[in-house]
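The exercises below ask the reader to work through one protein model step by step. Please look at the sequence and the coordinates before turning to each solution.

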Amino acid sequence: MSNTTTDLTINLINNISSQLNHYMTLIIFLFGSIGNLLNIIVLSQPTLRMNPCVLYFLISSISSLGILLVGLPSRLIAVWTLMDPTSTSSWFCKLRIFFLYSFRTTTSWLLVCATIDRWFLSHRKIHRRRLSSYKTARKIICIICGSSFILWFESIFCYDANVANAPLQCYGKSSSCRIFNDIVYASSTVSIPSILMLIFGFLTIHNINRSLQAVQPVMITIVSDVSRISRNQRRGIRRSESSLTRMHLLQVFLLTLCSIPQALHQFYLTFTMDIYKSPLRIAIENFIVSFNFSLTYVGNGITFYIYTLNGTIFRETFTQLLHTFIRKFKF
């Protein structure tokens, strides 16, 4: 390939990467922030929030909103002003990484707990179903949030701005830091949560299929004495729980799909950092970095639209709130 052709290819790739950063980041930030705010409003309603799975969804939406508000503004500023604050301010870089990774780990493990909660509720044995409770969920949420922030406290000392010979200017200061953080991120935030979510997701589907095939199907309910509940109430509870399960399983699949490429590519960047790379290869890798980072934010920005399209109980609650709002402010 001639130098002229190579330069044209590099310029084209850099231009595509720049446009991707510009438009995709803005779209994810706007629609993701609005969607997570609507999630918080809907999931906070009294008809939903006492369900332990809904509580996991609610705190996960708050954490996802934190991811978008912490991670994306600096990318937008870099596009509009051609100056990334994380590459010039050391403390801005450190705090952004600390909160971003803490929120991401929190979100992943909250979804793991929601998956296990779905498995408990779909189980045929009543003592397993009793393990799902609002009180237990609150304790677990506190433990997850605290552990996630403690886990990533080291990033304040490990990351710095304007790091030389790094794929990103806000990056680990040394090889040991980079390898450690890549391993911790890939394991604690992506691979282990994804594996657990997939395992318990399949177990939940298995339990649901068994209950449907049984002569007397097991009613998925949070009430211990099923015999005292009317048939309509049981039907409503089962419909709500089935809706929450569908919402959650689709979210698990999409979040896993969006997170794995970035974790794998981060390993690749760390272990090939000392290898000579041509300008064309660097341009291609920068494009992949931009795309993978955008993809991780997509997973945190589309939950409202997943819940609305796939969750009957969520959609009905949102519609009721919308009608109430319209009636209240209608002249």
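**Exercise 1: Annotated spans and overall make-up**

The span of residues 183-203 is 100% helix and 0% strand, with its end C-alpha atoms 28 Å apart; helices (H or I, at least four residues) and strands (E, at least two) are DSSP runs, numbered from the N terminus. This is a predicted model, in which local features need pLDDT of at least 70 and side-chain atom pairs count only at pLDDT 80 or more, while totals for chains, interfaces and linings use all residues. Residues are numbered from 1 along each chain as its sequence is written, and side-chain values use heavy atoms, with hydrogens and water left out.

Task: Find the annotation that covers residues 183-203, and describe the make-up of the protein.

Solution. Step one is to consult the record: an unreviewed UniProt entry places the feature "transmembrane region" at residues 20-42, 54-78, 98-120, 140-163, 183-203, 248-268 and 288-307. UniProt positions are given in the numbering used here, feature names are shortened, and annotations may be inferred rather than shown by experiment. Step two takes another of these spans, residues 288-307, where the chain is 95% helix and 0% strand and the end C-alpha atoms are 29 Å apart. Step three turns to the protein, which has 13 helices and 2 strands. Of its 331 residues, 47% count as buried, where buried means under 20% relative accessible area, exposed over 50%, and partly exposed in between (1.4 Å probe, protein chains only). Among contacts (heavy atoms within 4.5 Å) between residues at least 6 apart in sequence, 78% join residues at least 24 apart.

**Exercise 2: Aromatic pairs of F98**

Task: Determine which parts of the chain the pair of F98 and F149 links, and do the same for F98 and F153.

Solution. A search of the whole structure finds 16 aromatic pairs, the criterion being that rings of Phe, Tyr and Trp (its six-membered ring) have centres within 6.5 Å, with planes under 30 degrees apart counted as stacked, over 60 as edge-to-face and the rest as tilted. One of them joins F98 and F149 edge-to-face, at 5.7 Å centre to centre and 75° between the planes. This pair links distant parts of the chain, since F98 is in helix 5 (residues 90-122) and F149 is in helix 7 (residues 134-151), 51 residues apart. F98 is buried because its relative accessible area is 10%, whereas F149, at 24% relative accessibility, counts as partly exposed. F98 also forms an edge-to-face pair with F153, at 6.2 Å centre to centre and 85° between the planes. Because F153 lies in the loop between helix 7 and helix 8 (155-158), and F98 in helix 5, this pair ties together parts that are 55 residues apart in sequence. Finally, ring pairs link F98, F99, F103, F149, F153 and F157 into a cluster.

**Exercise 3: Polar partners of T303**

Task: Establish whether T303 is buried or exposed, and which side chains it meets in polar contacts.

Solution. Begin with its place, which is helix 12 (residues 303-310). T303 counts as buried because its relative accessibility is 2%. Its side chain makes a polar contact of 2.8 Å with that of N39 and another of 3.5 Å with that of N36; such a contact is a pair of N or O atoms within 3.5 Å, and within protein one must be able to donate a hydrogen and the other to accept it, while residues adjacent in sequence count only if both atoms are side-chain atoms. Leaving aside neighbours within four places in sequence, T303 is in contact with N36, N39 and Q251.

**Exercise 4: The nonpolar cores**

Task: Identify which helix gives the most residues to the largest nonpolar core.

Solution. A nonpolar core is a set of buried Ala, Val, Leu, Ile, Met, Phe, Trp, Tyr and Cys residues joined through side-chain atoms within 4.5 Å. Of the 26 residues in the largest one, I28, Y101, W152, Y159, Y185 and Y297 touch the most other members. Helix 3 (52-81), helix 5, helix 8, helix 9 (175-213), helix 10 (231-271) and helix 11 (279-301) each supply at least two residues, and helix 5 gives the most, with 6 residues. A second, separate core of 21 residues includes V54, L55, L58 and F314.
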